[in-house]
Amino acid sequence: ASDRPLFLVVAILAALAALAAIGARTAWSATAQWTAQLDGAITVYVHGAGAEDAQTAAERIEAIAERTPGVRRAEIASRAEAERLLSAWLGSDVPDDLPVPALVDIRLSTDASRVAPVLSDAIEAAGLNARVDDHSRWSQPLRRMSAAARTIAITLVIFLAAAAGAVTSFATRASLAARRDVVDVLHMVGAQDRFIANEFTRRFRGLGLRAGALGALAAGAMATGLQLASGGLGGDAARFAPAFALTGWDAMMLGLAPFAVAAVAAATARATVLRTLRTAF
């Protein structure tokens with residue numbers, strides 16, 4: 001009965017640590033997916049005096065792009081596609097007389113940072129009025145945001161593991177003090193400190209395993225709830241908040257969580273007992 005408060009505290013810490021680890025994995029995979037799409041493409045915005053001029057220039061740029069090393073495919077986007085991209089700002093009814101730039105969608109077989117300068121120089125040499133967008137203004141902030149999110153999540157996991165170790169150490173010292181007479185008897189009959197430490201290690205390893213299992217189940221339930229909630233996103237919201245989905249890596253982390261908590265609890269208990277026996281007994 002005296003272990004119940006410690007059991008609940010460790011289970012809560014385990015659940016929070018598992019959620020933080022899942023959050024770090026989610027930030028990594030989502031940003032990798034977004035940046036891969038951005039880095040593998042270039043968009044050329046073609047301007048002209050009229051729609052015909054812009055279309056003609058787009059055709060020339062398409063031909064230039066197909067001759068550029070590193071370009072896998074170049075395709076002129078239709079006006080309907082351009083209007084669809086503008087619909088988030090202008091609505092679905094775009095006036096027919098609105099001058100919409102022609103777009104050339106270029107797919108790459110290498111990094112955009114290598115192809116964009118070469119393509120931009122070729123377009124400028126051809127005397128065409130166009131702007132090359134390598135999407136770096138989007139991908140670089142995404143990378144910084146992902147790195148920050150991963151760092152915070154991993155730091156949180158470390159802090160929670162340290163907190164679990166701290167409460168285990170406190171509980172171990174309290175338990176050892178409450179059983180001082182038992183420890184004295186064991187010493188009198190010849191028990192070594194390692195034997196006493198093994199008993200406490202076994203006890204707290206089992207507690208950590210059970211608490212970690214409960215925490216992993218709670219984290220899995222919360223993550224599943226988030227997955228179900230995010231699956232209902234639709235329309236414009238889905239563009240900026242992609243659906244959250246659990247993966248095999250998440251299942252592996254949840255499966256390993258009880259053993260990680262048990263290892264932390266056991267190691268902390270053993271070190272605390274051995275140190276306390278040497279200094280206070």
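## A walk through the predicted model

In the largest nonpolar core, which has 22 residues, the members that touch the most others are I42, V44, V46, V104, I106 and L119. Five elements each give two or more residues to this core: strands β1 (41–46), β2 (71–77) and β3 (102–108), with helices α2 (51–67) and α4 (112–125). Helix α2 gives the most, with six residues. The model is predicted, so local features are described only where pLDDT is at least 70. Nonpolar side chains tend to be buried together in soluble globular proteins.

Take V104 as a guide to this core. Neighbours within four places in sequence are left aside here. V104 is then in contact with I42, T43, V44 and V46. Its contacts also include A58, I61 and E62. E75 and I76 complete the list. A second core of 18 residues is separate from the one around V104. Its members include L6, L176, F200 and V261.

Next, look at G40. It sits in the loop between α1 and β1. G40 has a relative accessible area of 19%, and buried means under 20%, so G40 counts as buried. Leaving out residues up to four places away in sequence, G40 touches I106, R107 and L108. Of these, I106 is also one of the residues that touch the most other members of the largest core. G40 and D134 are 94 residues apart along the chain. Their C-alpha atoms are separated by 9.0 Å.

Now turn to charge. Side chains of opposite charge can pair when their charged atoms come close. A search of the whole structure finds four salt bridges. One of them joins R25 and D250, with N and O 2.5 Å apart. R25 belongs to helix α1 (residues 4–39) and D250 to helix α9 (residues 248–280), so this pair ties together parts that are 225 residues apart in sequence. Both residues are buried. For R25, the relative accessibility is 15%.

R25 has further contacts around this bridge. Again, residues up to four places away in sequence are not counted. R25 touches F244, A245, L246 and T247. It also touches W249, D250 and M253. D250 is thus both a contact of R25 and its salt-bridge partner.

Another salt bridge joins the side chains of R107 and D105. Its N to O distance is 3.2 Å. R107 is partly exposed, at 27% relative accessible area. D105 is partly exposed as well, at 22%. R107 has already appeared above, as a residue that G40 touches.

E199 and R202 form a salt bridge too. Their closest N and O atoms are 3.1 Å apart. Both residues lie in helix α7 (residues 193–230). They are three residues apart, about one turn of the helix. E199 counts as partly exposed, at 38% relative accessibility. R202 is also partly exposed, at 48%.

Helix α9 now comes back into view. A nonpolar surface patch of about 560 Å² is made by L209, W249, M252, L256 and F259. The largest share of this patch, four residues, comes from α9. W249 is found in that helix. Its relative accessibility is 58%, so W249 counts as exposed. W249 is also among the residues that R25 touches. So what does W249 show at this spot? It takes part in the nonpolar surface patch, and it is in touch with buried R25. Leave the patch and follow the chain elsewhere.

S169 has its place in helix α5 (residues 136–178). It is buried, with a relative accessible area of 9%. The side chain of S169 makes a polar contact with the side chain of T272, at 3.1 Å. Apart from neighbours within four places in sequence, S169 is in contact with T268, T272 and R275.

The last stop is R278. This residue is found in helix α9. R278 is exposed, with a relative accessible area of 60%. R278 and R194 are 84 residues apart in sequence. From C-alpha to C-alpha, they are 11 Å apart in space.

Notes
Residues numbered from 1 in each chain as written. Predicted model: local features only at pLDDT ≥ 70, side-chain atom pairs only at ≥ 80, totals over all residues. Heavy atoms only, no water. Core = buried A, V, L, I, M, F, W, Y, C linked by side-chain atoms within 4.5 Å. Buried < 20%, exposed > 50% of the residue type's maximum accessible area, 1.4 Å probe, protein only. Contact = heavy atoms within 4.5 Å. Patch = residues over 30% accessible without salt bridge, like charges linked within 9 Å, V, L, I, M, F, W, Y side chains within 5 Å. Areas by Shrake-Rupley, 256 points an atom, 1.4 Å probe, with all protein chains shown as cover. Polar contact = N/O pair within 3.5 Å; in protein donor to acceptor, adjacent residues only side chain to side chain.
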